[in-house]
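Let's take a walk through this one, with the structure open beside you. We'll begin with a helix and then turn to the cysteines.

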Amino acid sequence: TSSGNQSYGYNDSRDDDHRMRPNFVFLITDDQELVPEGIQHGMRYTLPMMRQFGTTLQNFFANTPICCPSRATLFTGRYPHRWFVPSDNACMYMDIAGQDFARASMGTFMQRLGYATGCFGKTLNLEIGTPYCNEAMASAFPGWDSSFALCNEFNFEENVWNVNGTILNTTDYMTSVIGNRSLSFIESNLQSGKPFFAYIGVHAP
């Protein structure tokens with residue numbers, strides 16, 4: 001959730017009609033390359049639909065090809081060296097468990113703009129160097145009103161999640177679980193009329 005009364009970025013206190021604000025669905029896939037065997041082949045039906053109804057960024061760069069540093073940059077808009085910590089307990093040497101990271105995350109910024117925020121699926125490698133997936137220490141993922149964050153990888157049917165600070169085990173197919181939780185969040189906010197920002201990180205395209 002937002003941290004105290006301090007402002008760490010944009011702070012929009014206007015009473016604009018919520019219905020005038022656009023909704024955002026940020027969908028990110030995992031471990032894909034721009035090669036025939038990668039995203040172009042595996043998502044040949046989905047990509048045209050996303051291009052037609054979504055937004056195409058013509059000038060977008062990935063600062064690093066490594067998982068957690070790249071996601072840390074994506075979540076905060078800051079270079080990986082801002083989160084570097086020389087510890088094997090961090091997420092690929094990224095300090096993603098600290099308050100500074102929480103304050104700089106896109107979820108926190110969107111909350112301050114009056115959005116309902118939802119985070120579903122693979123976010124960062126939460127099982128490495130963070131307390132979020134420790135059942136005795138688990139807490140809600142900062143910056144998100146509704147979080148359903150993956151705690152283990154490479155299993156597509158038996159998974160562990162941090163659900164708003166509570167550890168949950170599921171046995172259903174991972175992508176379906178993420179999809180159902182995401183749709184529930186989106187449909188709920190569409191009915192209420194509140195603008196929303198949904199981050200959906202699928203582990204398998």
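**A helix on the inside**

Start by finding helix α3, whose buried residues are Cys-67, Cys-68, Pro-69, Arg-71, Ala-72, Thr-73, Phe-75 and Thr-76. Keep in mind that you're looking at a predicted model. The helix covers residues 67–76, and 8 of its 10 residues are buried, so the rest of the structure largely encloses it.

What do the buried residues of α3 pack against? Their partners are two strands, β1 (24–28) and β6 (196–201), along with two helices, α4 (99–104) and α5 (106–112). Follow the chain just past the end of α3 and you'll meet Gly-77, which takes a positive phi of about 75°.

Now for the cysteines. How many disulfides are there? The count comes to 1 disulfide, and it joins Cys-133 to Cys-151, with 2.0 Å from S to S. The two partners sit 18 residues apart and tie together distant parts of the chain: Cys-133 lies in the loop between β2 (116–121) and β3 (146–150), while Cys-151 is in the loop between β3 and β4 (159–163). Look along the S-S bond and you'll find -80° about it, which makes the link left-handed. Are these two cysteines buried or exposed? Both Cys-133 and Cys-151 are buried.

One more cysteine deserves a glance before you go. Cys-119 has a relative accessible area of 0%, and since buried means under 20%, Cys-119 counts as buried too.

Notes: Residues are numbered from 1 along each chain as its sequence is written. This is a predicted model: local features need pLDDT of at least 70, side-chain atom pairs count only at pLDDT 80 or more; totals for chains, interfaces and linings use all residues. Side-chain values use heavy atoms; hydrogens and water are left out. Buried means under 20% relative accessible area, exposed over 50%, partly exposed in between (1.4 Å probe, protein chains only). Helices (H or I, at least four residues) and strands (E, at least two) are DSSP runs, numbered from the N terminus. Contact means heavy atoms within 4.5 Å. A disulfide is a pair of cysteine sulfur atoms within 2.5 Å.
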